[in-house]
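Grab a pencil and get ready to look around a protein you haven't met before. Below are some exercises, each with a worked solution.

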Amino acid sequence: MFKEKINIVWFKRDLRLVDQEPLYYAQQANLPTLLIYLFEPSVMAYADSDVRHWRFVYESIKELNEKLKAYHTQIHIFQEEAGVVFEKLVSFYTIDTVYSYEETGNQLTYARDEAMAVFFKKNNIKWLEQQQNGVFRGLKSKKDWSERWENKMRSDSKTADLNLLPFTKLPIEWYEQHKGANLTENITKHNPNFQQGGEHWAWRYLQNFIEERYINYSKHISSPLLSRKSCSRLSPYISYGNISMRMVYQYTMLNYDRSKNKRALANFVSRLHWHCHFIQKFESNCNIEFQNINGAYDALVKPKNDVFILAWQTGKTGVPIVDACMRCLVETGYLNFRMRAMVVSFFCFNLWQDWRELHFLARQFLDYEPGIHYPQLQMQSGTTVHNTIRIYNAVKNSEAYDYDGLFIKKWLPELRNIPAQFIHEPHKLSLIEQQLYQCELGKDYPYPIVDIEATRKEASDIVWSFRKPQHSNN
Ligand SMILES: Cc1cc2nc3c(=O)[nH]c(=O)nc-3n(C[C@H](O)[C@H](O)[C@H](O)COP(=O)(O)OP(=O)(O)OC[C@H]3O[C@@H](n4cnc5c(N)ncnc54)[C@H](O)[C@@H]3O)c2cc1C
């Protein structure tokens, strides 16, 4: 059987057309090029995965496919394991080169990429992986990392001229036979509580942040309510590659000189830097997904308490700011940085639970990025070597960043009648006040499941006693 010689662009966490290096290099090669995305059942069933992530991916591809109609092509979606799809494609085509980005993923996608590298080699297929944002694979020393990051961000973008790319499409019958099951409706139907995936939305969020919303970036960054507008909200778009970090950086710098609040933009750029800095850590030590960075903590066993875990997940701990954050996160997929750190701190210190029980959190974050998630969990749970151990006081954070209790009231309607001065600690209400504010404690809203001050003190004593840097796993 004659087999057409083609190249493949394998889309992963890079769902865009602008500054998309695999497409750019595929264009240079000038062979018929097939575009694919794989919804892999094993990856979708992994503990960190949620339907919200796949919906965002689907929306991103749907938008790209609308644009690609003009070029008479599409990104072919498969719901199938990578090994199976490429096996089928190899029996149908002669594949010269597969273009993709490097992926700094979880253990499963790492193992998949290793297996695919073997498969491609065996089948004489070249696999050209491009560097993802400012993360350097095989980095020997972190010494000049910041300089390399800057250089990468300032380098020329690489956008393919789609008019010059000779696309190919799978024959309809073949595709129908091999593409796997259709995606379920909870993936293909938009949920308006969540940010919508797509390159168009990534640029819209960036533009209106840089034009307007950035003004209060630093001022409101820790407020659970106000940060939803004043922060960029670019995280899911960067995590799924709807926009490249280089484009975010360059667009920001283009507007820097004439901006009215340069400090806010400088703070924002430092976060872009952090994004890659954390992923670089994970890229260099992926054991962080499972092992304490500081091996001294291996001896610290925290008994699993399912009642505590469920109360925390469902926003019923009796600590309003924690509960509001958790209910908001489950509903919308977003929390600002401080509140993320605070709910992790509450889980690991006050509830005394192990950070490895936090896959639930990975599933809730729409912007879930393994390379940020795991290093952050370890930092916030105090299991690193050098970072100071920070145990957030939930009540103080509530008073400082949700002073009027507006965020709490939005997410805990049972507390809506309670005045601001009591909202942070409703368990201190007298019986008469409970009647007056129509909130019976223990019935309408729980008493705190732990004593915040006592558990904080206990946790602090124990975790500090384990700080022995010579036991580092890093
Ligand atoms: C426990 C925990 C888990 C986290 N998990 C993730 C995750 O899975 N994915 C994720 O993108 N961020 C994660 N973060 C970092 C941070 O909370 C989010 O990036 C940020 O809140 C996203 O909002 P934004 O896009 O409006 O950020 P902005 O403040 O506008 O920042 C711009 C971009 O910089 C990056 N960024 C901002 N803060 C950080 C940070 N502290 N560390 C690394 N990068 C940062 C993000 O890409 C963000 O989109 C986590 C933080 C904690 C404490």
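The exercises go from the whole chain down to single residues, and the model they use is a predicted one.

**Exercise 1. Work out whether the chain is as compact as a globular protein of its length.**

Solution. Start with the parts list: the chain has 24 helices and five strands. Next, take the radius of gyration, which is 24 Å. The globule rule gives 23 Å for 474 residues, and the two values are close, so the chain is as compact as a globular protein of that length. For the outline, the C-alpha trace spans about 85 × 50 × 50 Å along its principal axes. Now peek inside: buried residues make up 41% of the 474 residues. Finally, look at contacts with a separation of 6 or more: 81% of them join residues 24 or more positions apart.

**Exercise 2. Split the chain into domains, then describe how domain 1 touches domain 3.**

Solution. The chain divides into domain 1 (4-130), domain 2 (134-157 + 199-284) and domain 3 (289-466). The C-alpha centres of domain 1 and domain 3 are 38 Å apart. Their contact takes eleven residues from domain 1 and nine residues from domain 3. On the domain 1 side, helix 3 (residues 51-68) gives the largest share, three residues. Sort that side by class and you get two nonpolar, six polar and three charged residues.

**Exercise 3. Find out which domains the ligand lies between.**

Solution. First, collect the shell: 27 residues surround the ligand, and the closest are Cys231, Ser232, Ser235, Arg271 and Gln376. Second, see which helices turn up. Helix 12 (235-239), helix 14 (262-284), helix 17 (337-350) and helix 19 (370-380) each supply at least two shell residues, and helix 14 gives the largest share, with six. Third, sort the shell by class: 14 nonpolar, eight polar and five charged residues. Last, put the domains in: domain 2 and domain 3 both give residues to the shell, so the ligand lies between them.

**Exercise 4. Check the span of helix 16, then see what its buried residues pack against.**

Solution. Helix 16 covers residues 320-332, which is 13 residues. At 1.5 Å a residue it should span 18 Å, and its end C-alpha atoms are 18 Å apart, so the two agree. Its buried residues are Pro320, Ile321, Val322, Asp323, Ala324, Cys325, Met326, Cys328 and Leu329. These pack against helix 15 (306-313), helix 17, helix 18 (359-364), helix 20 (394-401), helix 21 (406-411) and helix 22 (420-423). Step just past helix 16 and you meet glycine 333, with a positive phi of about 80°.

**Exercise 5. Asparagine 133 and tryptophan 352: is each one buried or partly exposed?**

Solution. Take asparagine 133 first. It sits in the loop between strand 5 (126-130) and helix 6 (145-154), and has a positive phi of about 45° although it isn't a glycine. Count its neighbours: 24 other C-beta atoms lie within 10 Å. The cut-off for buried is 20 or more, so asparagine 133 is buried.

Now tryptophan 352, in the loop between helix 17 and helix 18. This residue also isn't a glycine, and its phi is positive, near 55°. Its count is 17 other C-beta atoms within 10 Å. A residue is exposed at 12 or fewer and buried at 20 or more, so tryptophan 352, in between, is partly exposed.

Key
Residues are numbered from 1 along each chain as its sequence is written. This is a predicted model: local features need pLDDT of at least 70, side-chain atom pairs count only at pLDDT 80 or more; totals for chains, interfaces and linings use all residues. Helices (H or I, at least four residues) and strands (E, at least two) are DSSP runs, numbered from the N terminus. The radius of gyration is taken over C-alpha atoms; the globule rule is 2.2 Å times the number of residues to the power 0.38. Two residues are in contact if their C-beta atoms, placed from the backbone, lie within 7 Å. A residue is near a molecule or strand if its C-beta atom, placed from the backbone, lies within 6 Å of it. Ala, Val, Leu, Ile, Met, Phe, Trp, Tyr, Cys and Pro count as nonpolar, Asp, Glu, Lys and Arg as charged, and the others, Gly among them, as polar. Domain bounds come from an automatic or database domain assignment. The expected span of a helix is 1.5 Å times one less than its number of residues.
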